[in-house]
Amino acid sequence: MVEFAVKTLLADRGKMFTALVGVVFSVVLVNIQGGLFFGLIQKASMLVDHGRADIWVGHKKIHNVDFPRDIPRRWVHRIRTIPGVAHAEPYVVGVTQMTLPSGGFEPVFVVGVDERTLMGNAWNLSQGRPEDVRRTDGIIVDELEDDKLDRPRVGDLRELNGVRARVVAKSHGVMGFLVNPYVFTTYARAVAYTGKSPDRCSYFLVRLEEGVDPHAVCQAIRSRIPEVEAYTRDEYSRISVNYWMTRTGLGISFGAATLLGLAVGMIVVAQTLYALVLDRLAEFATLKAIGAKERQIVTIVISHALVMALAGSMIGLGLVVLAQRWFSSPRAPIAISAELALGSSLLVTAICIVSALLPYSRIRKVDPVSVMH
Amino acid sequence: MLAIAASDLHKSYRRGATVTPVLRGADFHVQVGEAVFLIGPSGSGKSTLLSILGCLLTPDSGTLEILGRAVETLSAREATELRLRSIGFVFQRFQLIEGLSALDNVCIPLKLAGWPAGKARRRAAELLERVGLADHLRARPGRMSAGQCQRVAIARALALEPQLILADEPTASLDAHSGQEIMTLFRALMRDHQVTAVVVTHDPRIFSFADRICEVVEGRVRAAEAVA
Ligand SMILES: Nc1ncnc2c1ncn2[C@@H]1O[C@H](COP(=O)(O)OP(=O)(O)OP(=O)(O)O)[C@@H](O)[C@H]1O
Ligand SMILES: [Mg+2]
């Protein structure tokens, strides 16, 4: 019966093509929308995902990596004595303004890393080396933020909070969820740039010894210092992402746009399957008259939908891969996971089957006796 | 032995308040191996009777036995199974599936009966050869003449070697020459398979192929006078 379904479908290429366009449209739309959404939202946890720390320790109520509340720096010694901790370093994330040669200014996020370990430093450098950040007045900025920062070259000077800063290296694609550029520097300079007190910091970044359970160490940190919260990298990444997800309604607006597109695609599919069946009601009556069981008729209709879904998903995912290759950029990354690709195909398949119910309800009503008239 | 035993069949069509009585106490009996032609004026109920014999339509009252089975006692599923395995249908407008080749059309009942694809194809090819279409296995109905289409339809009706063939005006869409050819072929196949047939027709040129001719008049069936 499946073979029968495929052959009859292929016989009406025009309709099949239309339905395919609907499926392909839906698959591409869900993946690109979803990919853009995940690409955007994942920027919210960039520092955590690339920071190479196993555990992030911060103020009791931290909820987003970019907006910490400072804690006393001396607590770091207490963390270092906890079994399983390889090392722990203070880390600063703060906001300040950069004064530009043109006379303009730009609010930036200053990130201060431990001078010795450079944990949480900038990555993916296109000019200079990570350790250049140790040089006098050294800062690392991203080349994609050039427009905002008056196109600084390596060696150029800028001013942060009235303090001298020199661009010593540049990264490519280190951009956060917000529009403010990141400026990486050492802990000591970051304190000066942000006007913080040198005995305070934003986080402690913790590296664990081989094979230690991070959750157990988090628990130990919390009981040793009740004023702080400790999260594993994955936990804090998720928390930072959720911050924007829940506070902005971003998920809802992307989701709604995607659903709308899905609906349009599926209406095309349902419409076409329906038209396909309407054209052939007489043929279904014939099948029933010569002895097709209800189950066999269902098999045909579902096969029509499945063939569409399968072929459409494959073509759609192929287009998505191309689109991703061409259009994904650090500014608007398209992050398509295997789960998204698979999930969208399953979703589209399910909807195809549901949209086959409409034509099926029509076929059900066909009386085989109609072949006699 | 009787292939069809129908007694006192009644059937009316209801559309809203209007009731059209079509069969009014029809009796109809056919021996195994017999070819009985049904004639009668347009609208007399020939197709209605044929639909009832083919288990496509339920009579309002009366008793009906097809191939020894009381039709009233059959479930919908059993009736479908009976149509598939024991009854072959031939229609005026062939009712072939447009998107499928001649071979695939003949394969349909075989596939519905669960035959594996290869075996079904061999059987279908053999049947198409028997109806003279060995060179048209891959042809679509749209590319074939009316006579060729009806041959495909006959091959499809015979695919599962049914004991009963019901044909509604099988030559009405054909020219005189193809009509004669089809009926000659049809009778030859009937003989080979010892099939019983009921053929509704308006076409006096093929009356010579009948063993017996009956007429449907005023909702009843009687032996036709003029041509017997
Ligand atoms: N589904 C239906 N609903 C209402 N009336 C119907 C229906 N089918 C047939 N009729 C009526 O029943 C009568 C008998 O129809 P039937 O098709 O059995 O006649 P027929 O002898 O086959 O005619 P023809 O020679 O024109 O094919 C006709 O008056 C027809 O209008
Ligand atoms: Mg008729």
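## Notebook: a look at chains A and B

I started with D279(A), which is exposed at a relative accessible area of 53% (over 50% is exposed, under 20% is buried and anything in between is partly exposed, using a 1.4 Å probe on protein chains only). I kept in mind that this is a predicted model, where local features need pLDDT of at least 70 and side-chain atom pairs count only at pLDDT 80 or more, while totals for chains, interfaces and linings use all residues. Residues are numbered from 1 along each chain as its sequence is written, chains are lettered from A in the order in which they are written, and side-chain values use heavy atoms, leaving out hydrogens and water.

**Salt bridges inside the chains**

I looked up the partner of D279(A) and found a salt bridge to K15(A), 2.7 Å from N to O (the rule asks for a side-chain nitrogen of Lys or Arg within 4 Å of a carboxyl oxygen of Asp or Glu). D279(A) sits in helix α8 (residues 250-279) of chain A and K15(A) in helix α2 (residues 13-42) of chain A, so the pair ties together parts that are 264 residues apart in sequence. Helices here are DSSP runs of H or I with at least four residues, strands are runs of E with at least two, and both are numbered from the N terminus.

I then checked D146(A) and R151(A), whose side chains meet in a salt bridge at 3.9 Å, N to O. D146(A) counts as buried at 14% relative accessibility, whereas R151(A) is exposed at 53%. In chain B, I found E215(B) bridged to R222(B), with the closest N and O atoms 3.7 Å apart. E215(B) is buried at 18%, and R222(B) is partly exposed at 39%. Over all chains I noted 31 salt bridges.

**Where the chains meet**

How many residues does each chain bring to the contact? I read 28 from chain B and 22 from chain A, contact meaning heavy atoms within 4.5 Å. Chain B and chain A bury about 2400 Å² between them, with 62% of it on carbon and sulfur atoms; buried area is the accessible area (1.4 Å probe) that two parts lose on being put together, summed over both. L56(B), I97(B) and L112(B) supply 24% of the area that chain B buries here, more than any other three residues.

I counted four salt bridges across this interface. One of the bridges I looked up joins K111(B) to E3(A), with the closest N and O atoms 3.1 Å apart. The side of chain B that touches chain A divides into 12 nonpolar, five polar and 11 charged residues.

Next I turned to α3 of chain B. All 11 of its 11 residues are buried, so this helix is largely enclosed by the rest of the structure. Its buried residues include D104(B), K111(B) and L112(B). What covers them includes α1 (2-11), α9 (281-289) and α10 (294-327) of chain A, together with α2, α4 and α5 (146-158) of chain B. After α3(B) comes G114(B), with a positive phi near 90°.

**Two domains in chain A**

I found domain 1 (2-42 + 249-363) and domain 2 (61-226) in chain A, with bounds from an automatic or database domain assignment. Their C-alpha centres lie 47 Å apart. The contact takes five residues from domain 1 of chain A and five from domain 2 of chain A. About 420 Å² is buried between these domains, and carbon and sulfur atoms give 69% of that. L40(A), P330(A) and R331(A) supply 87% of the area that domain 1 buries against domain 2, more than any other three residues. I found zero salt bridges across this domain interface.

**Two buried residues**

Is S202(A) buried or exposed? It is buried, with a relative accessible area of 0%. S202(A) lies in the loop between β10 (200-201) and β11 (203-208) of chain A. Its touching residues, not counting those up to four places away in sequence, include P68(A), D70(A), Y91(A) and V93(A). A polar atom of its side chain lies 2.9 Å from the backbone nitrogen of V93(A).

I closed with E229(A) in strand β12 (residues 228-232) of chain A, which counts as buried at 12% relative accessibility. Among the residues it touches beyond four places in sequence are W56(A), H59(A) and R222(A). The C-alpha atoms of E229(A) and T99(A), 130 residues apart along the chain, are separated by 35 Å.

How values were computed. Ala, Val, Leu, Ile, Met, Phe, Trp, Tyr, Cys and Pro count as nonpolar, Asp, Glu, Lys and Arg as charged, and the others, Gly among them, as polar. A polar contact is a pair of N or O atoms within 3.5 Å; within protein, one must be able to donate a hydrogen and the other to accept it, and residues adjacent in sequence count only if both atoms are side-chain atoms.
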